[in-house]
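User: I should like to learn how to read the packing of helices in a protein model. Could you guide me through one example?

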Amino acid sequence: MPTSETGPALPDRLSPSKGVIGSAGAEAGAASPPAARVPTERKRQPSGDDARGRAMRAAISVIAEKGTAALRMSDIAARAGMSTGHILYHFGKKDRLLLEVLAWSQEDLWTRFQQAADQAASPAEKLDLFVRFYLPTDQGDERYALWTQVLAQRHDAAGRQILTELLDGWDERLEAILREGRERGHFADVDIPEFTIRAVAMLSGLSEDVMFGRSRWQHTSAHAFALAALERELRPTGARQHSTSTEIRSAGSHGGAGGFND
């Protein structure tokens, strides 16, 4: 999938203009001090979307490596090649860091999923892409590690709302694929909400297996296993049965885009 170098902007509820992640001085209402003169030989800090994207990607990497207890803003700054002050500008307080990074990561992932899905020739290919984007690539998948870190934390009502919206986003994308497939006669007439709950639960369980490093997935594709299970229920009856089964298996044989291969 085509990779965005910066990633999309966060939802309004997480943007600096809404007062969630502004600089420490801005949150406290203090007047801004005069800008210090920067020596001309000092390396210029990245700015704008490029800086935010670098900060977010560095945070994902550091969180996956160190966990949350030992996490320091200076670690993220060093990984991103930026100053600690620059990191504080983008993240504000540490207790909002995990939710902000997860929201950015998911928006980035969904943007790339949509770009790939827009090129898909059929609902079966979109289903294949959905499974690939949902499952972790391997035991070291940093994005999925971030999910586990965030879900292990205690969250207030606002934090739980953000997580609920992110989880619902996966359901909504799968339901859209199922509706399209059903309307075009490619999928069976399943109960879409109920099927989505079971499908996502299965994918979540497989994801935990992959992240844990279960030996069963060392020589078998979790993606192929999941797609075959979904196909068994979505295969329509009658004349379309053979063609749809072949189509879904063909979609599962292609490599995922942008690093989401088995």
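User: Which residues of H5 and H8 meet each other?

Analyst: To read a helix contact, one lists the residues on each side. This is a predicted model. On the H5 side, the contact involves Leu99, Leu102, Ala103, Gln106, Leu109, Trp110 and Phe113. On the H8 side, their partners are Gly159, Ile162, Leu163, Leu166, Gly169, Trp170, Arg173 and Ile177. Sorted by class, the contact of H5 with H8 holds eleven nonpolar residues, three polar residues and one charged residue.

User: At roughly what angle do the axes of H5 and H8 cross?

Analyst: Here one considers the directions of the two axes. The axes of helix H5 (residues 97-118) and helix H8 (residues 157-183) cross at roughly 15° and come within 10 Å. Angles under 35 degrees count as roughly parallel, so H5 is roughly parallel to H8.

User: Is the crossing of H5 and H8 left-handed or right-handed?

Analyst: H5 and H8 form a left-handed crossing.

User: How is H6 placed with respect to H8, roughly parallel or roughly antiparallel?

Analyst: The angle must again be compared with a cut-off. The axes of H6 and H8 cross at roughly 160° and come within 9 Å. An angle over 145 degrees counts as roughly antiparallel, and H6 is therefore roughly antiparallel to H8. H6 passes H8 in a left-handed crossing.

User: Which residues meet where H6 and H8 are in contact?

Analyst: H6 contributes Pro123, Lys126, Leu127, Phe130, Phe133 and Tyr134. H8 contributes Trp170, Arg173, Leu174, Ile177, Glu180 and Gly181. By class, the contact of H6 with H8 comprises eight nonpolar, one polar and three charged residues. Trp170, Arg173 and Ile177 of H8 take part in this contact and also appear in the contact with H5.

User: What is the arrangement of H6 and H9?

Analyst: Some pairs fall outside the parallel and antiparallel classes. The axes of helix H6 (residues 123-134) and helix H9 (residues 192-212) come within 10 Å and cross at roughly 40°. H6 and H9 are therefore oblique to each other. Their crossing is right-handed. Phe130, Val131 and Tyr134 of H6 make the contact with Val200, Leu203, Ser204 and Ser207 of H9. Five of the residues in this contact of H6 with H9 are nonpolar, two are polar and none is charged. Phe130 and Tyr134 of H6 touch H9, and both also belong to the contact with H8.

User: Is arginine 198 of H9 buried, partly exposed or exposed?

Analyst: For a single residue, one reads the relative accessible area. Arginine 198 lies in helix H9. Its relative accessible area is 35%, so arginine 198 is partly exposed. Arginine 198 and leucine 230 are 32 residues apart in sequence, while their C-alpha atoms are 9.8 Å apart in space.

User: Where is proline 236, and is proline 236 buried or exposed?

Analyst: Proline 236 is located in the loop between helix H10 (222-234) and helix H11 (241-253). Under 20% relative accessible area a residue counts as buried, so proline 236, at 3% relative accessibility, is buried. The C-alpha atoms of proline 236 and histidine 186 are 6.8 Å from each other, although 50 residues separate the two along the chain.

User: Is alanine 78 buried or exposed?

Analyst: Alanine 78 belongs to helix H3 (residues 73-80). Residues over 50% count as exposed; alanine 78 has a relative accessible area of 63% and is therefore exposed. Its C-alpha atom lies 9.9 Å from that of alanine 55, which is 23 residues away along the chain.

User: How many helices and strands does the protein chain have?

Analyst: For the whole chain, one counts its elements and then reads the totals. The protein chain has eleven helices and zero strands. Of its 262 residues, 44% are buried. Among contacts with a separation of 6 or more, 72% join residues 24 or more positions apart. The chain exposes about 13,900 Å², with 50% of that area supplied by carbon and sulfur atoms.

Conventions
Residues are numbered from 1 along each chain as its sequence is written. This is a predicted model: local features need pLDDT of at least 70, side-chain atom pairs count only at pLDDT 80 or more; totals for chains, interfaces and linings use all residues. Side-chain values use heavy atoms; hydrogens and water are left out. Axes are lines fitted to C-alpha atoms, for helices over the stretch in contact, and angles run from 0 to 180 degrees between N-to-C directions. Helices (H or I, at least four residues) and strands (E, at least two) are DSSP runs, numbered from the N terminus. Angles under 35 degrees count as roughly parallel, over 145 as roughly antiparallel, 65 to 115 as roughly perpendicular and the rest as oblique. A crossing is left-handed if the near helix is turned anticlockwise from the far one by less than a right angle, and right-handed if clockwise. Contact means heavy atoms within 4.5 Å. Ala, Val, Leu, Ile, Met, Phe, Trp, Tyr, Cys and Pro count as nonpolar, Asp, Glu, Lys and Arg as charged, and the others, Gly among them, as polar. Buried means under 20% relative accessible area, exposed over 50%, partly exposed in between (1.4 Å probe, protein chains only). Accessible areas come from the Shrake-Rupley method with a 1.4 Å probe; for residues, only the protein chains shown count as cover.
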